[in-house]
Amino acid sequence: MDNTHFLITRSYRELYKKFESLKTSKGKIIHVIGAPGTGKSANIYYALDNADLDVYDINFDLKDVNASSRQVFDTLFETVAEDLKAKSKKEIYGKLSKYDAVLIADNFHDSHFFGEKPVGFSKWTDNKGLRAFYFYLLCIHEYLKHRKEFKKINIIFQTAWRVYIRGEKYDIFSDFGPFSTFIKIILKIFFQGVEISYSQMETINIVKMHIENADEVIIKKYIQKYGLKPRFICNALENE
């Protein structure tokens with residue numbers, strides 16, 4: 001699936017509206033969530049293109065999947081400093097404030113898909129499991145320490161919080177019923193949250209845009225198996 005064919009959905013409209021507001025405001029943090037297979041990245045990049053935002057897309061260049069949380073945190077700042085040619089954190093934040101928004105998405109989470117050497121953040125967290133939690137504590141500490149600087153910066157970031165139970169992969173935000181709902185409510189207290197999700201009809205229409213002559217009855221069968229996750233359904237149809 002790619003952005004060549006894109007369906008305007010309820011989730012997309014909500015996301016675009018929030019992105020549009022970044023042109024005239026600072027200090028906002030927009031958190032984009034959604035179950036794997038819903039197309040968080042597709043929605044983010046399509047909305048960014050249409051909102052015409054000047055965005056700094058953070059790249060992540062970690063070499064060791066076994067690195068500690070502190071090493072990952074330090075590497076993140078070293079990578080950004082090198083890219084921006086900044087000599088201090090103060091200079092980093094000053095240069096980031098010149099952009100409409102700072103984006104933490106595919107080039108940060110999945111850089112291992114774009115080259116042989118880098119280890120993306122998602123691969124590192126999969127390897128670390130719960131031990132990765134300390135990284136988030138370091139980020140919270142950094143935010144509180146430099147709150148004044150962060151009030152001049154807009155941040156957009158996406159996450160899928162995955163856990164493994166008996167070898168099966170689950171998403172915290174969508175696969176645990178009331179607990180997932182509770183987590184999303186808590187997150188919206190701290191961030192401007194947008195969840196990428198679809199109705200059944202939206203899912204069917206998205207799949208039909210990507211799979212020529214897809215049968216609606218078959219699509220509904222895969223919805224029962226995979227849920228409202230267009231990417232998984234498209235993959236299943238292509239492999240039939």
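The exercises below, each with a worked solution, concern a predicted model.

**Exercise 1. The largest cavity**

Determine which residues line the largest cavity, which elements supply them, and how the lining divides by class.

*Solution.* Begin with the count, which comes to one cavity of 30 Å³ or more, and then take the volume, for about 60 Å³ of space lies in the largest cavity. Next, list the lining, which is made up of His31, Ile33, Lys184, Leu187, Lys188, Phe191, Gly193, Val194 and Glu195. Turning to the elements, β1 (29-33), α9 (177-190) and β7 (192-195) each supply at least two residues of that lining. Finally, sort the lining residues by class, which gives four nonpolar, two polar and three charged.

**Exercise 2. The second largest pocket**

Describe the second largest pocket by its volume, its lining residues and the classes to which they belong.

*Solution.* The volume of the second largest pocket is about 190 Å³. Its lining consists of Pro36, Glu168, Lys169, Tyr170, Asp171, Asp175, Lys229 and Phe232, and strand β6 (residues 168-171) gives the most to this lining, with four residues. When the lining is divided by class, three residues are nonpolar, none is polar and five are charged.

**Exercise 3. The nonpolar cores**

Identify the residues that touch the most other members of the largest nonpolar core, and establish which elements build that core.

*Solution.* The largest nonpolar core has 29 residues, of which Val72, Ile92 and Trp124 touch the most other members. At least two residues of this core come from each of α3, α4, α6 (121-128), α7 (133-145) and β4 (155-159), and α3 gives the most, with seven residues. To follow one member in detail, take Val72, which, when residues up to four places away in sequence are not counted, touches Phe60, Leu62, Ala67, Phe121, Trp124 and Phe135. Apart from the largest core lies another, of 20 residues, including Phe6, Phe19, Leu22 and Val32. As a general background to such groupings, nonpolar side chains in soluble globular proteins tend to be buried together.

**Exercise 4. Two positive phi angles**

Locate Asp52 and Lys85 in their loops, and decide whether each is buried or exposed.

*Solution.* Asp52, a residue other than glycine, has a positive phi near 55 degrees, and it lies in the loop between α2 (40-51) and β2 (55-57). With a relative accessible area of 56%, Asp52 is exposed. Lys85, also a residue other than glycine, has a positive phi near 60 degrees, and it lies in the loop between α3 (69-84) and α4 (89-96). The relative accessible area of Lys85 is 66%, and therefore Lys85 is exposed, the cut-off being over 50%.

Key. Residues are numbered from 1 along each chain as its sequence is written. This is a predicted model: local features need pLDDT of at least 70, side-chain atom pairs count only at pLDDT 80 or more; totals for chains, interfaces and linings use all residues. Side-chain values use heavy atoms; hydrogens and water are left out. On a 1 Å grid over the protein atoms alone, a cavity is a set of points where a 1.4 Å probe fits but cannot get out, and a pocket is an open set with protein on both sides within 12 Å along at least five of seven lines; lining residues have an atom within 4 Å of a point. Grid points are joined across faces, edges and corners, and a volume is the space filled by probe spheres set on the points. Ala, Val, Leu, Ile, Met, Phe, Trp, Tyr, Cys and Pro count as nonpolar, Asp, Glu, Lys and Arg as charged, and the others, Gly among them, as polar. Buried means under 20% relative accessible area, exposed over 50%, partly exposed in between (1.4 Å probe, protein chains only). A nonpolar core is a set of buried Ala, Val, Leu, Ile, Met, Phe, Trp, Tyr and Cys residues joined through side-chain atoms within 4.5 Å. Contact means heavy atoms within 4.5 Å.
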